Amino acid sequence: MVEKVYPMTLEGKEKLEQELEELKTVKRGEIIERIKVARSFGDLSENSEYESAKDEQAFVEGRITTLENMIRFAEIIDNEGVDSDEVSIGKTVIFVELPDGDEEEYMIVGSAEADPFSGKISNDSPIARALIGKKVNDEVTISTPGGDMQVRITEVKKS
């Protein structure tokens, strides 16, 4: 069976490792304590505190498993062989929408560290797929669920 590879920046992997450490060393202990306290209330069949703590425990254990898998199969992005003006994972791209000129800026990252609200988009997103491999001043048509948009790349920065 072939495992999924998770492309990410070194910074992204370090963030996942920090989250994993926090869950294992702090959150697990907090939940175990909540379960102990809830058990002391007696009848577990009608104990909402106990059920809530057990649900949170299941969520945290699932997240730990997910993070361990993502870290184990992380592939750190290396842009050494990529031209400085070429869009690739791990770089920030600035483009303007044509014809109105609205400027947008995104860092292209692996799906494991995507966070659109902070300007980090997944390499699997329609925007990133259309831009990867293109260079400064290239005009690109991006197919999105809302329709096609035409853009011109104005800058590519190493992140």
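**Entry 1: R28 and E61**

I began with R28, which counts as partly exposed at 30% relative accessibility. The model I am reading is a predicted one. I then looked up the salt-bridge partner of R28 and found E61, with the closest N and O atoms 2.8 Å apart. R28 belongs to helix 1 and E61 to helix 2, so this pair ties together parts that are 33 residues apart in sequence. For E61 I noted a relative accessibility of 29%, so E61 too falls in the partly exposed class, which lies between 20% and 50%.

**Entry 2: K27 and E56**

Next I asked which residue K27 meets in a salt bridge. The partner is E56, at 3.1 Å from N to O. K27 sits in helix 1, whereas E56 sits in helix 2 (residues 48–72), so the pair joins parts 29 residues apart in sequence. I recorded a relative accessible area of 28% for K27, which is partly exposed. E56 is likewise partly exposed, at 22% relative accessibility.

I also looked for a network around this pair. Salt bridges link K27, E30, R34 and E56 in one.

**Entry 3: K135 and D83**

I turned to K135, which forms a salt bridge with D83; their closest N and O atoms are 2.5 Å apart. This pair links distant parts of the chain, 52 residues apart. K135 is in the loop between helix 3 (126–131) and strand 6 (139–144), while D83 is in the loop between strand 2 (74–76) and strand 3. As to exposure, K135 is partly exposed at 28% relative accessibility, and D83 is partly exposed with a relative accessible area of 36%.

How many salt bridges does a search of the whole structure find? I obtained nine. As background, I noted that side chains of opposite charge can pair when their charged atoms come close.

**Entry 4: I94**

Is I94 buried or exposed? I found 5% relative accessibility; I94 is buried because this value is under the 20% cut-off. I94 is placed in strand 3 (residues 91–98).

I then listed the contacts of I94, leaving aside neighbours within four places in sequence. They are E103, E104, E105, R152, I153, T154, E155 and K157. For one of these, T154, I looked up the C-alpha separation from I94 and read 5.7 Å, with the two positions 60 residues apart along the chain.

**Entry 5: the largest pocket**

I looked up the pockets last. The largest pocket holds about 220 Å³ of space. Its lining consists of T9, L10, E11, I76, I77, D78, N79, E80, G90, M107, K158 and S159. Sorted by class, the lining of this pocket has four nonpolar, four polar and four charged residues.

**Entry 6: the second largest pocket**

The second largest pocket holds about 190 Å³. I listed its lining as G12, K15, L16, E19, R63, A112, E113, A114, D115, S118 and K120. By class I recorded six charged, three nonpolar and two polar residues.

Which element gives the most to this lining? Helix 1 (residues 10–39) does, with four residues. I also checked the domains: domain 1 (4–74) and domain 2 (84–156) each supply at least three residues to the lining of the second largest pocket.

Key
Residues numbered from 1 in each chain as written. Predicted model: local features only at pLDDT ≥ 70, side-chain atom pairs only at ≥ 80, totals over all residues. Heavy atoms only, no water. 1 Å grid on protein atoms, 1.4 Å probe; cavity = no way out; pocket = protein on both sides within 12 Å on 5 of 7 lines; lining within 4 Å. Points joined across faces, edges and corners; volume = space filled by probe spheres on them. Nonpolar A, V, L, I, M, F, W, Y, C, P; charged D, E, K, R; others polar. Helix = DSSP H or I, 4+ residues; strand = E, 2+ residues; numbered from the N terminus. Domains from an automatic or database assignment. Buried < 20%, exposed > 50% of the residue type's maximum accessible area, 1.4 Å probe, protein only. Contact = heavy atoms within 4.5 Å. Salt bridge = Lys/Arg side-chain N within 4 Å of Asp/Glu carboxyl O.
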